[in-house]
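This report introduces one protein structure to a reader who has not seen it before. Please look at the sequence and the structure first.

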Amino acid sequence: MITRLKTAMAATLVLFVTGCGDDVGKVSLGLFTTKDVIIDAKQDPKIPGVTCHISRIEANLDFADPSDMGISCRQTGPITPADMAKIDMGKHGEVVFTESLSILFKSLKVRRIYDAQNQTLLYLSYSTKETNGSHKHALSTVPLYGSQAWVDPALTVGTKSN
C-alpha cells in the first residue's frame, strides 16, 4: 500500500513539474520595468530530435506590443526517415507551436517547412498581428546532413527512370 502511495505521489509530482512550462531562461529588462525576455525550449512534436529555443518579450501588467522574437533550432537527437515521413512536405509546411502573446489577440507561431532541395528543416517564427507595418518574424534552419534522414545526392543521381 505504501509503495503504491509513493508511486502515485511521484507520478503527481512529475505531472506537476512537466506542466510548469518549458522556460529555460528569464532576463529582466530593468528594475523599473515589468518586461522580461523569456527563453523557451520547445521540442518539435513530430521530430523529437529537434529542439527550438525561442526568445520573446513578456510584458506582464502592460499593454506593450510583445511582437519581437528570436528563434534558434538545433538537432539535439536523432532525426530518422520515419520522423521525416510524419511531416507535411508541402510548400507551406505546418504549424508546430502556437503561444498567446497578449490580451490583444496576438500570438506567436512557429511553422516547420521542409526544403527538399537542400535537405533542411526551416523553422519560421512569426507574430500573427501586424506591428508598425510589418509582421515580425525570425528564421532558423536544421540541416539533415549527418542525420539518419540525410539522403546522399550522389546515390540518387541516375536512379530516376526516363
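The text below covers confidence, a disulfide, a nonpolar core and one arginine.

**Confidence**

The model is predicted. Mean pLDDT for the protein chain is 79, and 70% of the residues reach 70 or more. Confidence is lowest in helix α1 (residues 2–18), with a mean of 37, and highest in helix α2 (residues 81–85), with a mean of 98. Over residues 2–21 pLDDT stays under 50, and the model has zero contacts beyond four places in sequence for that stretch.

**The disulfide**

The structure holds one disulfide. Cys-52 and Cys-73 form this disulfide, with their sulfur atoms 2.1 Å apart. Cys-52 lies in strand β3 (residues 50–59) and Cys-73 in strand β4 (residues 69–75), so the disulfide ties together parts that are 21 residues apart in sequence. A disulfide is a covalent bond between the sulfur atoms of two cysteines. The torsion about the S-S bond of Cys-52 and Cys-73 is about 110°, so this disulfide is right-handed.

Both cysteines are listed below with Arg-112, which is discussed further on; each of the three residues counts as buried because its relative accessibility is under 20%.

| Residue | Relative accessibility |
|---|---|
| Cys-52 | 0% |
| Cys-73 | 0% |
| Arg-112 | 1% |

**The nonpolar core**

In soluble globular proteins, nonpolar side chains tend to be buried together. Here the largest nonpolar core has 21 residues, and those with the most contacts inside it are Val-50, Met-84, Leu-121 and Tyr-123. Strands β3, β4, β5 (94–102), β6, β7 (120–127) and β8 (137–143) each supply at least two residues of this core.

Leu-121 can serve as an example. Leaving aside neighbours within four places in sequence, Leu-121 is in contact with Ile-47, Val-50, Met-84, Ile-87, Arg-112, Ile-113, Tyr-114, Ser-140, Thr-141, Val-142 and Leu-144.

**Arg-112**

Arg-112 lies in strand β6 (residues 106–115). Which side chains make polar contacts with the side chain of Arg-112? One is the side chain of Asp-44, at 2.7 Å. Another is the side chain of Glu-94, also at 2.7 Å.

Not counting residues up to four places away in sequence, Arg-112 touches both of these acidic partners, Asp-44 and Glu-94, and other residues including Lys-46, Ile-47, Ile-87, Asp-88, Gly-93 and Val-96. Leu-121, Leu-122 and Tyr-123 are also among the residues that Arg-112 touches.

Terms used
Residues numbered from 1 in each chain as written. Predicted model: local features only at pLDDT ≥ 70, side-chain atom pairs only at ≥ 80, totals over all residues. Heavy atoms only, no water. Helix = DSSP H or I, 4+ residues; strand = E, 2+ residues; numbered from the N terminus. Buried < 20%, exposed > 50% of the residue type's maximum accessible area, 1.4 Å probe, protein only. Polar contact = N/O pair within 3.5 Å; in protein donor to acceptor, adjacent residues only side chain to side chain. Contact = heavy atoms within 4.5 Å. Disulfide = S-S within 2.5 Å. Core = buried A, V, L, I, M, F, W, Y, C linked by side-chain atoms within 4.5 Å. pLDDT = per-residue confidence, 0-100.
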